[in-house]
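Please read this report alongside the sequence and the 3D view. It takes up the sheet, then the aromatic rings, and finally the surface.

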Amino acid sequence: MIFHPRKWLEPHLLDALDSMRFELLSIKGRWLNPRRLNTQGRDYLQLGCWETLIAGFLNTDFFINKHADAHLDARFPLPFDDKTWRGVYAHHVVEHVCWPDAFRLFRECHRVLKRSGVFRMVVPNLEVFLRRCCSSDPDERRTIRDLYPAHIMESLDARTPLEVVDYIFRDHKFNRHLSAWDWETAECRLLEAGFSKVIRRSVNQSLDPNMAGHDNIRWEDCSLYVEAVK
């Protein structure tokens, strides 16, 4: 179609167009959504499910995801009553919102969790990437490309470790990350949000058995696993 904007707009304008479309979809979705979503009798919430639906969870994502059980925008107050969930699971989701929005999300997760409920957050671990990027050993520096799946690295025009870090934590146009996390920052901000304790975990291990076993094992080497208890 000759008049389709993607045929003739400059890349910078396409970025602006995509951002505007995203925000308009958010406004429309939040306007049409009920103030409180139906929990469908479930005790666990997944944020940002994409195509990975977990049985027994209410699987939520942004309004364009047709696979999700329900839709929301995690940058805004969660459409659930206080003390609704036994667990909230966010696997490679929080890095897609900026820090102020993430801090608000932490407070919202604390609000909607029941007493002793668990918020499980899995995010890219900046510390792992920086350690390899800054290593004095050239061989270790090169292994930074091994942290992400091969099919992504093979198509990525990143010639130095720093370019890999830039791609993952800032400049990925299609799947942009807006915040970077390490253990110290995650612990600090989750405690600040009101959680009683924050614990570093491993892949597929959880304080709550119902929250274990759902992590994507492909992301183990580059991920930070954190659980915060209300």
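The text below describes strands, ring contacts and a surface patch in turn.

This is a predicted model, in which local features need pLDDT of at least 70 and side-chain atom pairs count only at pLDDT 80 or more, while totals for chains, interfaces and linings use all residues. Residues are numbered from 1 along each chain as its sequence is written, and side-chain values use heavy atoms, with hydrogens and water left out.

**The sheet**

Helices (H or I, at least four residues) and strands (E, at least two) are DSSP runs, numbered from the N terminus, and two strands pair if DSSP finds at least two bridges between them. Strands of a sheet pair through backbone hydrogen bonds, either parallel or antiparallel. Here seven strands make up an open sheet with mixed pairing, and their order is β3-β2-β1-β4-β5-β7-β6. At the edges stand β3 (70–71) and β6, each with a single partner strand, so one side of each has no neighbour in the sheet. Four of the pairings are set out here, each with one pair of residues that face each other.

| Strands | Sense and bridges | Facing residues |
|---|---|---|
| β2 (residues 57–61) and β3 | parallel, two bridges | aspartate 61 and histidine 71 |
| β4 (residues 85–91) and β5 | parallel, six bridges | alanine 90 and methionine 121 |
| β5 and β7 | antiparallel, seven bridges | valine 118 and valine 229 |
| β6 (residues 197–201) and β7 | antiparallel, five bridges | valine 198 and alanine 228 |

Burial is judged by relative accessible area: buried means under 20%, exposed over 50%, and partly exposed in between (1.4 Å probe, protein chains only). Strand β5 (residues 113–124) is mostly covered, with nine of its 12 residues buried. In strand β7 (residues 223–229), seven of the seven residues are buried, so the strand is largely enclosed by the rest of the structure. In a regular strand the side chains alternate between the two faces of the sheet. Both faces of β7 are covered, since Ser223, Tyr225, Glu227 and Val229 on one side, and Leu224, Val226 and Ala228 on the other, are all buried.

**Aromatic rings**

Rings of Phe, Tyr and Trp (its six-membered ring) pair if their centres lie within 6.5 Å; planes under 30 degrees apart count as stacked, over 60 as edge-to-face and the rest as tilted. The structure holds 13 aromatic pairs. One of them joins phenylalanine 80 and tryptophan 85 edge-to-face, at 5.1 Å centre to centre and with 85 degrees between the planes. Phenylalanine 80 is buried at a relative accessible area of 1%, and tryptophan 85 is buried at 0%.

Phenylalanine 103 and tryptophan 181 also form an edge-to-face pair, at 6.3 Å centre to centre and 85 degrees between the planes. This pair links distant parts of the chain, 78 residues apart: phenylalanine 103 lies in helix α2 (residues 99–112), and tryptophan 181 in the loop between α6 (161–169) and α7 (183–192). Both phenylalanine 103 and tryptophan 181 are buried, and they belong to one aromatic cluster that is formed with Trp99, Phe106, Phe119 and Phe195.

A charge sits over a ring if NZ of Lys or CZ of Arg is within 6 Å of the ring centre and within 35 degrees of the ring normal. The charged end of arginine 189 sits over the ring of phenylalanine 103, 3.8 Å from its centre, and that of arginine 30 sits over the ring of phenylalanine 76, 3.6 Å from its centre.
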